Structures are given as C-alpha cells and as structure tokens.
Amino acid sequence: MYEAHLNQSLETASRLRSLCSRISFWRLICCAAAAIFFYLGYTGREFFCCLLGGACALGFLMLVFWDLRLKQRLSYEENCQAVIADYKARLTDGWKQFCEHGARYLAGKDAWAHDLDIFGKHSLYQYLCTASSVFGQDQLARWLSQPQDADTKDTLSGSVKSRQQAVLELAQKAGFTLSYEAAARKLRTHTYDASQKTLDDFFHSLHETDKPQADGLPAAGTVLIFAVPVLTVASLFLSLSGIERRFSPVCFFVLSTLQLFASFVCHWRNSRLLAPVYRMNQTAEPYRKLFALALQEPFESPYLQQLQRQLSKNDTARPLQKKNRSGAVYAFVKLRSICSAVVTRHNAYAYFLLNSLICYDFHCVRRYFLWKEAYRNDVRTWMQAAGCIEALISLGVIARTNKSCTMPAVTDSKKPELSVTGLTHPLLKQPGAVGNDFVMAHQTCIITGSNMSGKTTFLRSIGVNSILAYAGGFCTASGFRISRMAVCTSMRTADDINEGISTFYAELLHIQKIIETSRKQKPMLALIDEIYKGTNSTDRIFAARETVKKLAKPYVFTILTTHDLELCSIEQDAGMDAANFHFCEHYHEDQILFDYKIRHGICETANARYLLRMAGILEE
C-alpha cells in the first residue's frame with residue numbers, strides 16, 4: 001500500500017544526504033575564508049577585507065541554518081520509512097517485537113482484557129498502536145477498554161458511530177496518515193513514563209498560581225530587564241567605536257556585572273520555573289507539526305471536524321494570531337521558540353555572555369509566563385485532540401494490513417444481536433486464516449470439538465472483533481453485525497499458590513463475575529472456554545449445567561466450549577434456548593488435518609488417541 005511512498009522517500013532521503021555533504025564542505029570553506037579575511041583586515045587595517053570576512057561569516061550562518069532545515073527534512077523521511085517498515089512488519093510476526101505493547105493498561109481490568117489478549121505482549125494493542133504520544137496511546141487504550149459502554153462521557157472521545165466515520169475516512173487518506181505518524185515519531189525518543197512525567201510537570205507549571213504578576217516579575221523588574229540591557233549594549237558600542245572612551249567602559253563593566261550578579265542570585269528560582277519548559281524542548285515541535293497537519297487536511301466526518309475546531313479554539317486568544325494560523329499552531333510555534341531559548345541558557349558560555357548583556361534568564365521567564373497566561377487553558381485539549389487522531393489512525397491499521405476486513409454495524413437493539421460472515425482473528429497471519437460464518441440465533445451456544453480444532457480461536461475471534469467494533473475500528477470479517485453488549489470472558493485461569501486458589505476456584509471466580517454482570521439486566525456477551533476444566537467430570541457437568549441455566553436470560557448471549565458431550569443435551573432441555581455447534585478434523589496418510597470451520601450439531605470425532613501415538617505415549 002505504501003510502496004510508492006517508500007520509493008519516493010528513499011529517493012528524497014538520498015538526495016538530502018548528498019546535499020548535506022556538499023553544504024558541510026562549503027560551510028568549512030566559508031569559515032576558513034571568514035577567518036582569513038578578518039585576520040587580513042585586522043593586521044592590514046583594510047576595511048574591504050573586513051567586509052569580505054563579514055560576508056563569509058554571514059554565508060556560514062546561512063549554510064548552518066540551511067543544513068539544519070535539510071536535516072529536519074531528512075529526519076522526517078527516515079521517520080516515514082520507519083512507519084512503512086512497521087506496517088510491513090504487521091504482515092508477518094515482526095509486529096510482536098514492537099516496544100509499545102500496552103501492558104500497563106492491564107492493571108485493574110477484568111478478565112476479558114487478559115483472556116482476549118487486548119493488552120500486553122503479542123496483544124491486539126501491540127498490533128494496532130501507531131500512536132507515539134502519551135495522549136494517543138492512552139486514548140486508544142481507553143477505547144479498547146470500554147466494550148460495554150455505548151458512548152464515553154469525554155466530549156473529545158466521540159460516539160462509536162462518529163469514530164467509525166472518522167476511521168473510515170482516515171483509512172482512505174494514506175498520505176495524511178503516513179505524514180501524521182512520521183511527524184509524531186520523534187515523540188518516541190523517551191519512554192512512556194518519562195514522557196508522562198514531562199507532561200505532568202509541564203501542566204502543573206501551567207496552572208501554578210503563586211505568582212501575582214503575569215510575567216512572573218515585579219513591575220519595576222520588568223522595566224529594568226529592558227532598560228539595563230539597552231544601556232549595557234549602548235555603553236559597549238560607544239566603547240568599541242571610540243566615540244566615548246572615558247566613562248563607557250566603566251559603565252559597561254558595572255552594568256554587565258550587575259546583570260550577571262542578578263542572574264546568579266535568581267538562578268535557582270529561574271531554573272525551577274523554566275525546568276518544565278526545558279524538558280518540553282523535544283515535545284513542542286512534534287506537536288506543532290501534528291496540529292498543522294490536522295488543520296491543513298480537509299476532513300468530511302463530523303468527528304474529525306470537531307477535533308479540528310478544538311485545535312483552532314483559543315478561549316483566551318490575544319491579538320497575536322496571524323492569518324491562516326490556528327491557536328494551537330501559533331501557540332506551539334511560540335512555545336518552541338521559548339524552549340529553544342531555555343535550552344540555550346544551559347550552555348555555560350551562552351549563559352555568561354547573554355546574562356551579562358541582556359538579562360537573558362529574566363526575559364525567558366517573562367516570555368514563558370506571558371505564554372502561560374494566553375494558552376494555559378487550551379494546551380491539554382489541543383494535545384488530547386491530536387492524540388485522538390493518532391488513536392483513530394491506529395483503529396484503521398487493520399484496513400491497511402488486511403484485505404478481508406469490514407466496518408461493523410453496531411446496532412442499538414435492546415435485544416442481543418450477533419451475526420458474522422468470514423470471521424477471522426485479527427492477529428492471525430493473512431491470508432492463511434480461515435473465515436467462519438456464524439449467527440447467534442439462540443441464547444446459548446455450546447461448541448464441541450477435538451483438540452486444536454479451532455474452538456478457542458473462534459471464541460477469541462468473536463471477543464476481539466467485538467472489542468474492535470465497540471472501539472470504532474475495523475473487524476476482520478466480510479460482515480459483522482452486533483448490538484451493544486458488555487463483553488465478559490472466562491478463558492485463561494490458573495492457580496495461585498500464594499493466595500491458596502486452585503484452578504477450579506480461579507475459574508469459579510471468573511464465572512461469578514459474569515453472573516454478577518448479568519444481574520444488571522443489561523445486554524451481555526459471555527464467552528467461556530472449556531467450562532470448569534479444573535474439576536472432575538461429574539462435578540464439571542453439574543456445575544456447567546447450573547451455570548448455563550443461571551445465564552439463560554433474554555438479554556444474555558452465552559457461548560461456551562467444552563469437551564463434555566453430555567452438556568450438549570442442554571439443547572433438549574425445556575425452557576432452554578440453546579444450540580450445538582462443533583469443529584472437526586479428518587485424517588489423510590497418517591496426518592491429522594483441520595479445516596477450522598464451525599458446523600451445526602455435536603462433534604462426532606476425537607483425536608486424543610492419535611495425538612498420544614504421535615507423542616509416543618500410546619503404542620500402535
């Protein structure tokens with residue numbers, strides 16, 4: 001899909017590297033020429049040589065800035081190539097090596113998040129997430145974490161339908177999504193925790209209210225930081241030009257010493273105030289690019305247009321904005337400038353020079369406090385809006401890596417509804433995955449089948465695609481229709497020696513949560529894999545029948561797998577709306593073969609004996 005973009009990016013990057021090499025050569029020539037001309041002008045008192053030296057110095061500076069711009073473009077092209085490489089990795093198992101797997105979001109989640117591999121290593125989140133910002137990663141996790149919610153309360157999150165429209169539109173904008181992901185790529189310089197701390201400190205500093213003045217300085221101090229530097233520079237000029245050599249050197253020395261002394265006295269205070277800005281240096285520019293890209297793109301879906309309006313909004317706008325510049329873009333242009341200025345003060349030579357000439361630290365503090373007053377109430381909203389677009393792009397990943405996908409129909413029916421065609425698991429390699437058609441026409445579905453025949457994968461396919469549908473993303477199916485339901489699961493259960501919990505009791509706790517959820521009398525989808533496998537067959541069958549009866553509600557869909565064929569008789573029980581399905585296998589030339597297709601009825605095959613012979617446990 002991105003092959004043309006990749007070829008173009010590789011060609012552009014090669015051209016930029018060549019140009020940077022030539023600029024480096026001419027930069028060296030200009031530097032050497034400037035030194036020679038200045039030396040000749042100084043020793044020979046030739047004004048023309050000094051003029052040539054100045055021209056060479058100016059040329060050197062222009063080449064430095066040009067080289068910087070070219071390297072920024074080169075970095076962008078390299079980021080584009082990295083984005084495309086990640087998409088290619090999703091076509092194989094390479095995505096399992098992605099650093100961002102979202103294991104931190106498992107804390108506090110119910111069993112379904114673990115059972116369906118929504119977060120953690122080799123999870124759906126690891127496969128989908130293209131977001132580089134903290135807000136984008138959190139928003140994607142939030143949407144994947146609310147399968148039972150019709151809509152979220154956060155006005156920036158939108159409804160399921162509005163997100164679907166936005167994801168569909170973004171899936172068709174390959175150029176925009178590539179540029180957006182590449183622009184955000186620089187935010188991956190730091191880990192999630194480090195980035196989160198940087199943002200927390202920054203937001204905390206934005207809303208500090210312990211300074212009565214808008215610029216963080218007393219009124220007299222504001223006057224002095226402008227007046228004293230003017231007098232200092234003027235005395236320096238008079239001294240160097242020879243216009244006045246009696247008092248100007250002394251005046252310059254006294255004024256510069258006073259400025260430097262003042263910066264030393266207030267160094268700790270200024271450093272504390274500017275520390276959050278200093279740490280934002282590598283964050284401000286990527287966000288500015290994201291804001292600019294989002295505002296330049298013509299969107300048609302209402303949700304994306306809403307996010308654009310959020311980026312354009314500035315409740316405390318001042319007459320600083322220019323034509324065709326939004327509040328977010330212009331604000332972060334200024335923030336980037338402030339960050340660069342704050343970074344400069346960390347250079348020891350620049351610190352002494354600038355603070356002795358122009359009260360540099362105080363000007364940095366003043367600029368930042370004025371910026372805070374203008375934009376403090378909007379910054380978080382802007383960043384969240386940019387993060388929402390990242391999360392929407394992530395939900396469209398399946399459309400760019402899987403040809404057999406569809407945008408699901410999520411209905412508002414109060415009666416549970418589930419109908420799928422060509423259903424596969426999103427994390428299975430394509431095109432080898434086998435699709436299944438399935439309609440939940442009964443309240444309870446009992447699935448039997450041999451080992452490795454596909455029962456558990458089918459169960460997870462329904463669960464994972466349901467989560468994707470409620471998040472607003474694509475599903476791996478040719479058709480997917482589902483009503484809004486809470487998703488509850490009991491699949492992976494294990495004993496806990498420290499807590500004294502057996503495998504059976506652990507599963508019992510999961511089933512208990514499912515039953516408690518059903519008592520809310522709201523639509524629910526319960527997925528149970530090999531029910532009560534941790535106990536003996538007699539107790540298992542009894543407990544399973546009682547559990548199915550307990551979940552037999554008109555607002556509950558229950559799909560369970562089992563190896564106990566005795567449970568299949570539930571279909572015949574009076575008052576039970578149940579149906580049997582199965583997976584099977586066949587043998588060819590001493591090989592066991594599976595077609596992974598679900599069928600109506602009870603399984604009539606078994607492969608345990610064959611597998612035991614394959615393992616050498618059972619003799620021929």
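In this predicted model, a good place to start is Cys475, which sits in the loop between α19 (455-471) and β5 (479-483). Is this cysteine buried or exposed? With a relative accessibility of 0%, Cys475 falls under the 20% limit and therefore counts as buried. Setting aside residues up to four places away in sequence, Cys475 touches Ser404, Cys405, Thr406, Pro408, Asn465, Leu468, Ala469 and Phe480. The chain also brings Cys475 and Leu395 to a C-alpha to C-alpha distance of 9.7 Å, although 80 residues separate them in sequence.

Other cysteines can be placed in the same way. Cys49 has a relative accessible area of 16% and is buried, because buried means under 20%. Cys99, by contrast, reaches 74% relative accessibility and is exposed, because this value is over 50%. How many disulfides does the model hold? The count comes to 0. A disulfide, for readers meeting the term for the first time, is a covalent bond between the sulfur atoms of two cysteines.

The wider picture helps to frame these details. The protein has 620 residues, and 50% of them are buried. Its secondary structure consists of 22 helices and 12 strands. What share of the contacts between residues at least 6 apart in sequence joins residues at least 24 apart? For this protein, the figure is 75%.

Attention can now turn to the interior. In soluble globular proteins, nonpolar side chains tend to be buried together. Here, the largest nonpolar core contains 127 residues, and Phe438 and Ile559 are the ones with the most contacts inside it. Which residues does Phe438 meet, once its neighbours within four places in sequence are left aside? They are Leu418, Ser419, Val420, Cys445, Phe458, Ile462, Ile559, Phe581 and Ile598. Ile559 thus appears in the contact list of Phe438 as well as beside Phe438 among the residues with the most contacts inside the core. Apart from this core lies another one, made up of 23 residues that include Cys488, Tyr532, Val556 and Ala578.

The model also contains enclosed spaces. There are 4 cavities of 30 Å³ or more, and the largest has a volume of about 130 Å³. Of the 15 residues lining this largest cavity, Leu187, His190, Ser195, Leu199 and Thr283 are the closest to its centre. Two helices, α8 (192-206) and α12 (281-296), each supply at least two residues of the lining, and α8 gives the largest share, with 4 residues. Sorted by class, the lining of the largest cavity has 5 nonpolar, 8 polar and 2 charged residues.

Open spaces were examined too. The largest pocket has a volume of about 560 Å³. Its lining is formed by 17 residues, and those nearest the centre are Gln72, Lys186, Glu285, Lys289 and Arg336. Which elements give two or more residues to this lining? They are α1 (3-44), α2 (47-89), α12 and α14 (327-344). The largest share, 6 residues, comes from α2. By class, the lining of the largest pocket divides into 4 nonpolar, 6 polar and 7 charged residues. Helix α12 therefore has a part in both linings, because it supplies at least two residues to the largest cavity and two or more to the largest pocket.

Methods
Residues numbered from 1 in each chain as written. Predicted model: local features only at pLDDT ≥ 70, side-chain atom pairs only at ≥ 80, totals over all residues. Heavy atoms only, no water. 1 Å grid on protein atoms, 1.4 Å probe; cavity = no way out; pocket = protein on both sides within 12 Å on 5 of 7 lines; lining within 4 Å. Points joined across faces, edges and corners; volume = space filled by probe spheres on them. Nonpolar A, V, L, I, M, F, W, Y, C, P; charged D, E, K, R; others polar. Disulfide = S-S within 2.5 Å. Buried < 20%, exposed > 50% of the residue type's maximum accessible area, 1.4 Å probe, protein only. Core = buried A, V, L, I, M, F, W, Y, C linked by side-chain atoms within 4.5 Å. Contact = heavy atoms within 4.5 Å.
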